[in-house]
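This report concerns an annotated binding site and the residues around a ligand. The sequence and structure are shown first.

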Amino acid sequence: SIVVLGSANLDLVYRVQNIPGPGETVLAASRASHPGGKGNNQATAAVRAGAAASFIVSVGQDEAGAMLLDGLESDGVRVSARRVTEPTGTALITVADSGENSIVVDSGANSLLAELTETELGIIEEAGILLMQLEVPVETVGRAAAVAHAAGALVVLNAAPIRELEAELLAAVDLLIVNEHEAFRLLADTGLQATEATVAAELLLELVPAVIITLGAAGALVAERGKSVRTVPAFEVTAVDTTGAGDTFCGALVAALEAQREAGANDLELESAARFASAAAAISVQRAGAVPSIPGRQEIEDFLGH
Ligand code: ADP
C-alpha cells in the first residue's frame, strides 16, 4: 500500500484580481479556508484516485488540527497523527483572477515531525510506495527514505518546496517529481546547469533513476535511465485555481503506480501513470481550493473516456 509522510496545513485562500507586489495592498474579493498542506493533499489525492493510503502527519492540539484529521478520515485515509503543542501549520494563499497563486507557509506543528516513532517506522517498513515532500524536516524525509528503500519500497520524492538535498537522501529516491523551477534549482545546487526542461530531466537522471518534471499547462516530462525523455501533454481545460495541481498529480500518480504493482507488473509504466495523474490534475485546476478540487477515481476515468 501507499504511505505518505508530510505536512498538513489549514489553507487561508484570498481571491484577488492581481497578486500584490512588494509594498502593495489589495482588497480580496473573498476569503475561504480549506484543508491543505502538500502531504495532506497528496494523501487525499491518492485515496480519492482509488488507492489505500496511510498518512504520517503532525498537527496541533487545536481546532484546525481536529478539522484536518476529520477531513482525512472522512476521505478514508488511514491517519497516523501526532498532536503536538505547536499550532497546526497554516498557508496564506492568494489566487489571482488568472488562476496563478502565491503562497506563504507557517510550518507550525509540521516542523515537529522529527525522530520517527516505532509506530511510524513500522508503517514505513510496510510501505509498497512511500511518497514524501519537503514541508516537514528534511532529516525525517531522509530517514524515512532510507528505511523504506532498505525495505524494498518504491521511494517517491516530490522535492517541493525546493531546498538543498543531501546526496544520501537522493540515493534512496527511486522517482523524483519536480516542477521546472525546482528542477533547475536542484541542478544548480549540484553544480549542473540547464535552461531547458528536457536537458534538466536528462541531467537529473544522474542523481536518481527516474524523474518527472511537471510543466503546468504544458504537461509533464517523464525520464527514466536508459530511455528517451517523453512528454505527457496536459489536457486542455480552463484553469480557475491551480493550487494543489502538483499535489493532485503526485497523489494520483502513486495511486496509478500502486494499481500497477497490485496487478503484478514487473516494470512500472510511468508514462501511463503520468497520463492518469495529468487527468486528475486537469480536473482539479477547473475548481477552487486544493483538497476540495481533488477528483475521485470514477471522475478521472470518465475524463479519460473509459
Ligand atoms: P506545481 O503546481 O507543482 O508547480 P504544475 O503547475 O507543473 O505543478 O502542475 C502539475 C500538473 O498539473 C501538470 O503536469 C499538468 O498535468 C497539470 N496542470 C497544471 N496546470 C494545468 C492547466 N492549466 N491545465 C491543465 N493541466 C494542468
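The text below describes the annotated site, two of its glycines and the shell around the ligand.

The model is predicted. According to the UniProt record, an unreviewed entry, the annotation "binding site" covers N179, T214, L215, G216, A217, A218, G219, G246 and D247. Two of these positions, G219 and G246, are compared in the table.

| Residue | Location | C-beta neighbours within 10 Å | Class |
|---|---|---|---|
| G219 | loop between β11 (210–214) and β12 (220–224) | 19 | partly exposed |
| G246 | helix α8 (residues 245–262) | 26 | buried |

The cut-off for a buried residue is 20 or more other C-beta atoms within 10 Å. G219 has 19 such neighbours and therefore counts as partly exposed, whereas G246 is buried because 26 other C-beta atoms lie within 10 Å.

Contacts further along the chain, leaving aside neighbours within four places in sequence, were also computed for both glycines. G219 is in contact with T231, V232, P233, A234 and S278. For G246 the contacts are A160, N179 and T214; N179 and T214 are also covered by the "binding site" annotation.

The ligand is surrounded by 20 residues, of which T214, G216, G246, S278 and A281 are the closest. G246, in helix α8, is thus named both in this group and in the UniProt annotation. S278, also one of the closest residues to the ligand, is a contact of G219. Helices α8 and α9 (270–284) each contribute at least two residues to the shell. By residue type, the shell holds 13 nonpolar and seven polar residues, with no charged ones.

Definitions and conventions: Residues numbered from 1 in each chain as written. Predicted model: local features only at pLDDT ≥ 70, side-chain atom pairs only at ≥ 80, totals over all residues. UniProt positions renumbered as here; feature names shortened; annotations may be inferred. Helix = DSSP H or I, 4+ residues; strand = E, 2+ residues; numbered from the N terminus. Buried ≥ 20, exposed ≤ 12 C-beta atoms within 10 Å, placed from the backbone. Contact = placed C-beta atoms within 7 Å. Near = placed C-beta within 6 Å. Nonpolar A, V, L, I, M, F, W, Y, C, P; charged D, E, K, R; others polar.
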